[in-house]
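This report looks at one helix and its packing, then at one buried side chain and its polar partners. Please keep the structure open while reading.

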Amino acid sequence: MKYERAMEISLEQALFSSKASGDVPVGAVVLDEAGRLVGIGSNRRELLSDPVGHAEIVAIKSAARALGKWRLDGCTLVVTLEPCAMCAGAIAQSRISRLVFGAFDEKAGAVGSLMDVLRDPRAPYKVEVISGVMKEECASVLQEFFKEQRS
């Protein structure tokens, strides 16, 4: 599949960061139009006491710094978990062209599960969405994390 390697990098980032910080293991990367990695992120809420420190936000900011612009037209965000409403809004506002995600988030997902911020016909920016890439692997990482939290 076209985005498997990028999803593998996102998963590696999620696992590494979670072990170091105790954050929920979510990882994200941003690819430019040529498929080069230009941004990377993982959850940083616990590490930085930052309520908006979601992997998607961290990766988007990283890509914007690397490219020297806030408009990320042509870029693809690859993330292990379906974005929440805040992150879906950031994806739209940064003009990312494509979102690829792994596991669905039935509790807070805003790209199909609870609502669909990015594909709402009233939305001013259109984002292509590809869901379910390596969904079992992405879901497994999260399930294991929460299983360990409960024990």
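The buried residues of helix H5 pack against helix H1 (4–21), strand S3 (76–81) and strand S4 (98–103). Helices (H or I, at least four residues) and strands (E, at least two) are DSSP runs, numbered from the N terminus. Contact means heavy atoms within 4.5 Å.

The model is predicted: local features need pLDDT of at least 70, side-chain atom pairs count only at pLDDT 80 or more, and totals for chains, interfaces and linings use all residues. Residues are numbered from 1 along each chain as its sequence is written, and side-chain values use heavy atoms, leaving out hydrogens and water.

Cys138, Val141, Leu142 and Phe145 are the buried residues in H5 (under 20% relative accessible area; exposed is over 50%, partly exposed in between; 1.4 Å probe, protein chains only). Seen down the axis of H5, they fall within an arc of 90 degrees, so they line one face of the helix. That arc is taken from the directions from the helix axis to the C-beta atoms. On the other side of H5, Glu136, Gln143, Lys147 and Arg150 are exposed.

Asparagine 43 sits in the loop between strand S2 (37–42) and helix H2 (45–48). Asparagine 43 is buried, at 8% relative accessible area. Its side chain makes these polar contacts (N or O pairs within 3.5 Å; within protein, one atom must be able to donate a hydrogen and the other to accept it, and residues adjacent in sequence count only if both atoms are side-chain atoms):

| Partner atom | Distance to asparagine 43 side chain |
|---|---|
| Valine 24, backbone oxygen | 3.1 Å |
| Alanine 55, backbone nitrogen | 2.9 Å |
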